[in-house]
Amino acid sequence: MDTLNYRDLSVEEFDTKTLLAHAAQQAKQRRYEDFLIVDVDAHHYESDSFAEIVEYIEDPVMRQQAKYQGFGGTGIASGPGSYQNLNGRLTRYPKVRGEKTPPTPHRDITLTKRWMDSLGIDVGCMFPTPMLQLGTCPRIEVEVALARAYNRWLCENVLAHEPRIRSTLYLPFRDPEACYQMVQDFGDRKGVIGFTVVSPGKKGVHDNAFMKTWAAIEERNLALVFHGAYTWGGDQHAELCNRFIAVHALGFTWFNILHMTNWLCNGMPERFPKLRTCWIESGLAWIPFLMQRLDNEWMMRSSEVPLLKRKPSDYMREMYYSTQPMEMVDNKEALELTFKMINAETQLCYSSDYPHWDMDLPSTIYDLPFLTEAAKRNILGGNAKRLFNLEPVVSEAKVKQLAERNAARPA
Amino acid sequence: MADVLVCKDGEIAEGGVRVIQAGEVEIGVIRHDGKYYAYRNHCPHQGGPVCEGIRMPGVLDIIGEGGIFLQQDFDQKDIHIVCPWHSYEFHLEDGVNVCDKRIRLQKFKVVEKDGAVYINV
């Protein structure tokens with residue numbers, strides 16, 4: 001029996017000439033060799049040669065940035081770029097990928113508990129990192145699908161197994177119906193202590209479409225968190241900035257200023273008086289600014305916001321804020337006044353933002369000279385316990401340390 | 001004050017760092033361009049292990065005539081120690097913070113003698 005001439009595609013390597021063998025047949029059949037053919041729109045994949053191309057960038061600093069950030073995806077030419085890790089200056093970003101962990105529990109749990117134990121943290125509220133940018137994806141259905149996938153994954157693989165890790169789950173803010181469904185589907189899961197609006201989302205918090213979502217969160221006695229973030233590409237104001245420091249310094253505060261203003265000017269604290277809100281990762285300096293600005297305008301234009309029965313700052317003083325990134329360069333007086341203005345002793349909650357570049361240790365609070373010991377403990381843990389109705393869990397490391405201290409104490 | 005042995009000359013590779021414990025103090029000994037520098041491994045900002053990060057040249061904006069921005073460049077004569085926690089930067093030569101001269105790393109004298117490297121602690 002004759003053997004058929006065959007090609008086994010499971011082992012055959014890719015070759016352009018093989019892929020285009022039929023084109024070559026056409027060329028032969030049509031006798032293209034008899035005349036000239038010019039293609040005026042041909043492409044190649046220069047990204048495969050990006051490592052060579054970067055060497056031709058004339059600005060040496062940009063050349064280094066391009067080498068570090070790469071191209072495509074979140075590379076140097078993309079909307080957000082990859083500037084957060086300061087172009088290689090922060091070593092933990094690339095190195096943690098190679099950090100060894102045991103097969104169980106989930107790697108995320110192991111790594112999270114390692115840094116929490118080092119910082120002295122008992123309970124951590126976990127947020128995503130790249131997925132904070134989901135709201136900038138032009139396809140809203142992609143944001144919704146990934147948000148649901150991430151939340152379900154987090155609940156099943158992390159929150160269900162580790163009581164020291166909790167989360168306020170991501171809401172796909174551009175789809176109000178999907179937000180409501182998220183609260184319905186995940187609001188009662190283990191470890192879920194609230195829901196998060198990532199602030200650059202392009203919707204007003206006062207949109208009627210959100211009211212049933214806010215009500216559902218309030219009914220469950222959960223918290224609503226507004227998490228600062230930035231956009232660069234696609235935002236007409238941010239696109240006026242050419243350096244990441246500008247985009248970050250403005251973006252992380254601006255979007256929370258925007259939502260807080262709408263929240264107040266539409267009387268949301270009066271509509272949902274039991275809904276606890278927390279404003280996260282915008283630092284603190286914006287709060288006194290906005291309090292003064294809104295109070296001043298409200299005295300003259302209260303007719304526009306008849307739902308507000310008190311000054312905007314009165315409502316703001318009842319909301320919660322996270323500490324990081326706390327502005328603390330040469331401003332002790334301003335910081336002390338800020339703490340006073342926002343009722344920090346009862347409303348401020350410590351946050352590290354680890355492993356991000358501007359993370360703050362608990363010592364940034366504990367070492368403040370103008371706080372009492374009680375105030376420090378409130379800010380480091382007590383206020384969050386109240387905000388999130390937390391059942392406190394003390395870290396294994398601290399339990400051990402306390403036992404050792406007690407054992408060493410003279411009888 | 002005592003001379004504490006760090007290593008034999010050449011044991012720290014070019015660009016490398018050896019962190020030594022001298023009593024309660026951690027000291028980072030950095031070898032850069034064949035020269036040794038020793039600083040307390042403690043960032044005055046939030047206490048990060050400042051010597052365990054990378055060294056990078058300072059960055060300059062190159063401004064042309066009429067205030068026109070031309071490009072950025074690295075200042076290879078001014079190498080910075082970069083704290084791996086928050087990227088606070090310090091001049092390698094003297095340990096002074098690049099943004100605020102009042103902030104500085106604790107510097108230790110390095111002594112090279114008899115084919116070995118010591119720091120004066």
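This tour moves through a predicted model, from chain A as a whole to its sheet, then to the contact with chain B and a hairpin in chain B.

**Chain A as a whole**

Begin by selecting chain A, whose C-alpha atoms fill a box of roughly 90 × 65 × 50 Å when taken along the principal axes. If you switch to a cartoon, you should be able to pick out 18 helices and seven strands in this chain. Of its 411 residues, 29% are buried, and among contacts in chain A with a separation of 6 or more, 73% are made by residues 24 or more positions apart.

Next, colour residues 51-82 and residues 105-399 of chain A separately, since the domain assignment gives these ranges as domain 1 and domain 2. The C-alpha centres of domain 1 and domain 2 of chain A lie 32 Å apart.

**The sheet of chain A**

Now select the strands of chain A, where seven strands form an open sheet with parallel pairing, in the order S1-S2-S3-S4-S5-S6-S7. At the edges you will find S1 (124-125) and S7 (348-349) of chain A, each of which has a single partner strand, so one side of each is left without a neighbour in the sheet.

Within this sheet, zoom in on S2 (residues 165-170) and S3 (residues 192-198) of chain A, which pair in the parallel sense over four bridges. To see one residue pair here, show Tyr170(A) together with Thr196(A), its bridge partner in S3(A).

**Where chain A meets chain B**

Show both chains and turn to the contact, which takes 15 residues from chain A and 13 residues from chain B. On the side of chain A that touches chain B, select helix H4 (60-69) and helix H16 (363-366), each of which supplies at least two residues; the largest share, three residues, comes from H4(A). Colouring this side of chain A by residue character should give seven nonpolar, four polar and four charged residues.

**A hairpin in chain B**

Finally, select residues 25-32 and 35-40 of chain B, which are strands S3 and S4, running antiparallel and joined by six bridges. Arg31(B) stands opposite Tyr36(B) in S4(B), and the hairpin has two residues between the strands, with Asp33(B) taking a positive phi near 50°.

From S4(B), extend the selection to strand S8 (residues 107-113) of chain B, which runs antiparallel to S4(B) and is joined to it by two bridges. Here Tyr39(B) stands opposite Lys107(B) in S8(B), a pair on which the tour can end.

Notes: Residues are numbered from 1 along each chain as its sequence is written. Chains are lettered from A and ligands numbered from 1 in the order in which they are written. This is a predicted model: local features need pLDDT of at least 70, side-chain atom pairs count only at pLDDT 80 or more; totals for chains, interfaces and linings use all residues. Domain bounds come from an automatic or database domain assignment. Two residues are in contact if their C-beta atoms, placed from the backbone, lie within 7 Å. Ala, Val, Leu, Ile, Met, Phe, Trp, Tyr, Cys and Pro count as nonpolar, Asp, Glu, Lys and Arg as charged, and the others, Gly among them, as polar. Two strands pair if DSSP finds at least two bridges between them. A residue is buried if 20 or more other C-beta atoms lie within 10 Å of its own, exposed if 12 or fewer, and partly exposed in between; C-beta atoms are placed from the backbone.
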